[in-house]
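Student: I would like to go through the surroundings of a ligand. Please show me the structure to begin with.

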Amino acid sequence: MTVTTKEIQKNYINGKWEESKTGLSMESINPSTGEVVGRSQKSGLDDITYAIDSASAAFKQEDWGYHSLKRADGLMKWAMRLEEKKEEIARILTLENGKTIKESRIEISACIDTLKYFSGMARSLFGRSINLSETSYGIIDKSPIGVVAIISPWNWPALLMIREAAPALAAGNAVILKPASRTPLTSLAMVKCLEGIQEFPNGIVNLVSGPGALIGDELTVNGKVDAISFTGDTVTGKALMKKAADKVKKLALELGGKSPNILFADADLNKAIPTITNSIFITAGQMCFAGTRVIVHESIQEEVIAQLKEEAEKLVVGNGLDEKTDMGPVISESQLNEIIEYIEIGKKDAELITGGYRLTGGEYDKGYFIAPTIFNNVPMESRVAQEEIFGPVLAVQGFKDEKEAIALANGTIFGLAAGVWTKDINKAIRVSKKVDAGTVWINTYNKNYPQTEFGGYKESGLGRTRGIEGLMEYTETKHINIDFEE
Ligand code: NAD
């Protein structure tokens, strides 16, 4: 499990650790220090087709898809192994991604919880039955799809991989994991924990690291891959959807967001302000459902701005390994430059309240740190209000009445999540029903459970992950019709 900078981590294919046929490797860089954390395979087409063939053969052997108890036991054992290695993997995650060690622990704990939940669900893959006439009866059968490719991003690399792998495996599929090129070491450390668990037949779980444009693309077009679960940028998701259309592949897409917190005049600010601050500055704003916009009633806008500023300025920004750090760096120099571009747009379009610059001096010079940034009175047409910045930048917008609040909340191409803050339960429900979002939190934010569905309205995605619907995403439905006429 130990990650060293010398050893090049191998792919996991057909139950064995394999070097890439390309002979090439990729470096994982610590965004806090710029140092090389470790290396992994920069795989090519030969590697990914070998993994696809192995997964396809393993699935066809039928000793996985038909054995729900075996799947339940395998997933539970994987969870137990992760439990033992939790701290070690959390450290790798912080080194590779930059996020705080506190957050990494939360992420790995959520992986364990997800595996445990889907271990139980493996035994509950129910279909239905229906009387169709006096002599006809229908069975609505649920079965695995086959080979599922799971393509994941770098921001929550452990959980977003497990969030899809656990239900796909619980439903009886074979999986090929394609981690993001910036964070393969975390994914590899997770997969190392299932090595030797007898319940997983060789080839049922495979992991191949390498460039998305090459091996991710092959997973999209290869006819032996039956379904794709993609979590990532909306632009990449759309391109993948077009390519996958050629073979009419099953697709689950978890894409970007621009999620609002709507604050009514009667909101409990003592709870709302720290929760909202956390919702945007967690993972340095690099989270799909980060609370990137605050839509606040104009009667409390000034007070809210003052409190958000105070809260943001209290955050300790630094190396994620330091237990005192509240916010780490952004993932890379290119990501930093993109965020700074948005900040410059914000300075022109809106009123800068705090932050608005790269942090420099001392240890900051080695990494990619940005001060928590807040803009007030951001016009709806500004790119800062419309586009996913994926950085620690909060846009505040005022509203006069409920109708305007809903219009602002729904005024982007995204629809991933939202927060509604009010003591009036009628208003809370009314607004929640009208907001275009796959998740609405009332008087809270960022509460996630493996048993509750998650996903996007509009361009935030297709399908649902987690919960019963998340499991069903990885099944085929078959009507078996029985005629019992004498
Ligand atoms: P990305 O789209 O650049 O990459 C995601 C994955 O796709 C990576 O593994 C990458 O290698 C692969 N990929 C790249 N090009 C590909 C191609 N042509 N074919 C197939 N695969 C390809 O996204 P990212 O920068 O890693 O992640 C950030 C994005 O992910 C943000 O937009 C964020 O909102 C989104 N996200 C969504 C959710 C969600 O649950 N909705 C969760 C986390 C992140």
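Tutor: This is a predicted model. The shell around the ligand holds 28 residues, and S152, K178, T236, L255 and E388 come nearest.

Student: What makes the pair formed by the ligand and S152 a polar contact?

Tutor: The cut-off for a pair of N or O atoms is 3.5 Å. A ligand oxygen lies 2.7 Å from a polar backbone atom of S152, so the pair counts as a polar contact.

Student: How do you know that the side chains of T236 and W154 make polar contacts too?

Tutor: For T236, an N or O atom of the side chain is 2.7 Å from an oxygen of the ligand. For W154, the value is 3.0 Å, again between a side-chain N or O atom and a ligand oxygen. Both values are within 3.5 Å, so both pairs qualify. As for cover, the protein takes up 86% of the 840 Å² of accessible area that the ligand has on its own.

Student: Why is the ligand said to lie between domain 1 and domain 2?

Tutor: Residues of the shell come from both domain 1 (8–255 + 460–479) and domain 2 (260–449), so the ligand lies between them.

Student: Which helix gives the largest share of the shell?

Tutor: Helix 6 does, with four residues. Helix 6 spans 212–221.

Student: What classes of residue make up the shell?

Tutor: There are 14 nonpolar, eight polar and six charged residues.

Terms used
Residues numbered from 1 in each chain as written. Predicted model: local features only at pLDDT ≥ 70, side-chain atom pairs only at ≥ 80, totals over all residues. Heavy atoms only, no water. Near = heavy atom within 4 Å. Polar contact = N/O pair within 3.5 Å; in protein donor to acceptor, adjacent residues only side chain to side chain. Areas by Shrake-Rupley, 256 points an atom, 1.4 Å probe, with all protein chains shown as cover. Helix = DSSP H or I, 4+ residues; strand = E, 2+ residues; numbered from the N terminus. Nonpolar A, V, L, I, M, F, W, Y, C, P; charged D, E, K, R; others polar. Domains from an automatic or database assignment.
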